[in-house]
Amino acid sequence: MWEGIMLVCFGVSWPPAIIKTLKVKNPKGKSFIFLSLVLIGYLCGIIGKASNLGSGCLTNAVFWLYILDFSMVATDYSLSLYYTVQRKKKGLE
């Protein structure tokens, strides 16, 4: 239960970050190291839950929260990387 609450609390912070990245198209101040570590952490959670396939992993809500949170962080990472490359091409960085 507590793990699920933690994932919901962390997950609530990602949509505003994604929206901000889309609006300003400038990922300045984003840490790719931090985002990478968060992705690795969520991936470890997914693997941990998936390793218990016999215990109904696919019906476990926490497993799906890990997937959702991982997807949001991966989206933010991808957008940040895309806009960083675009800004470098335009000579803004």
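**Exercise 1. Work out whether Thr21 is buried or exposed in this predicted model, and list what it touches.**

Step 1. Start with the accessibility: the relative accessible area of Thr21 is 2%. The cut-off for buried is under 20%, so Thr21 counts as buried.

Step 2. Place Thr21 in the fold: it sits in helix α2.

Step 3. Now look for partners, skipping residues up to four places away in sequence. Thr21 touches Asn26, Lys30, Asp76, Leu79, Ser80 and Tyr83.

**Exercise 2. Find which residues of α1 are buried, and say how they sit around the helix axis.**

Step 1. Helix α1 covers residues 2–12, and its buried residues are Gly4, Leu7 and Gly11.

Step 2. Check the directions. These residues span an arc of only 60 degrees around the axis, so they lie on the same side of α1.

Step 3. Compare that with the helix geometry you already know. With 3.6 residues a turn, an α-helix has residues three or four places apart pointing the same way.

Step 4. Flip the helix over. Trp2, Cys9 and Val12 are exposed, on the face turned away from the buried side of α1.

Step 5. Ask what the buried side packs against. The partners of those buried residues are α2 (14–24), α3 (32–50) and α4 (61–89).

**Exercise 3. Describe the backbone and surroundings of Lys25.**

Step 1. Locate Lys25: it belongs to the loop between α2 and α3.

Step 2. Read off the torsion. Phi of Lys25 is near 50 degrees, so you have a positive value in a residue other than glycine.

Step 3. Recall the background: most residues other than glycine have a negative phi.

Step 4. Finish with the exposure. Lys25 has 44% relative accessibility and counts as partly exposed.

**Exercise 4. Take Tyr77 and Ile47, and set sequence separation beside distance in space.**

Step 1. Tyr77 is part of helix α4. Its relative accessibility is 23%, which makes Tyr77 partly exposed.

Step 2. Tyr77 and Ile33 are 44 residues apart in sequence, with 10 Å between their C-alpha atoms.

Step 3. List the contacts of Tyr77, leaving aside neighbours within four places in sequence: Phe32, Leu35, Ser36 and Leu39.

Step 4. Ile47 belongs to helix α3, and Ile47 is exposed at 51% relative accessible area.

Step 5. From Ile47 to Leu7 you go 40 residues in sequence and 15 Å in space, C-alpha to C-alpha.

**Exercise 5. Zoom out: how many helices and strands does the protein have, and how spread out is it?**

Step 1. Count the elements: there are four helices and zero strands. Reading from the N terminus, the order is α-α-α-α.

Step 2. Compare the radius of gyration with the globule rule. The value is 16 Å, well over the 12 Å given for 93 residues, so the protein is more spread out than a compact globule.

Step 3. Put a box around the C-alpha atoms. Along the principal axes, the box is roughly 55 × 20 × 15 Å.

Step 4. Look at the contacts with a separation of 6 or more: 77% of them join residues 24 or more positions apart.

Step 5. Sort out inside and outside. Of the 93 residues, 31% count as buried. The accessible surface is about 6100 Å², and carbon and sulfur atoms hold 71% of that.

Step 6. Wrap up with charge. You get 10 positive and 4 negative side chains, and the centres of the two sets are 13 Å apart.

Note on methods: Residues are numbered from 1 along each chain as its sequence is written. This is a predicted model: local features need pLDDT of at least 70, side-chain atom pairs count only at pLDDT 80 or more; totals for chains, interfaces and linings use all residues. Side-chain values use heavy atoms; hydrogens and water are left out. Helices (H or I, at least four residues) and strands (E, at least two) are DSSP runs, numbered from the N terminus. The radius of gyration is taken over C-alpha atoms; the globule rule is 2.2 Å times the number of residues to the power 0.38. Buried means under 20% relative accessible area, exposed over 50%, partly exposed in between (1.4 Å probe, protein chains only). Contact means heavy atoms within 4.5 Å. Accessible areas come from the Shrake-Rupley method with a 1.4 Å probe; for residues, only the protein chains shown count as cover. Lys and Arg count as positive and Asp and Glu as negative; His and the chain ends are not counted. The place of a charge is taken as NZ of Lys, CZ of Arg, CG of Asp or CD of Glu. The arc is that of the directions from the helix axis to the C-beta atoms.
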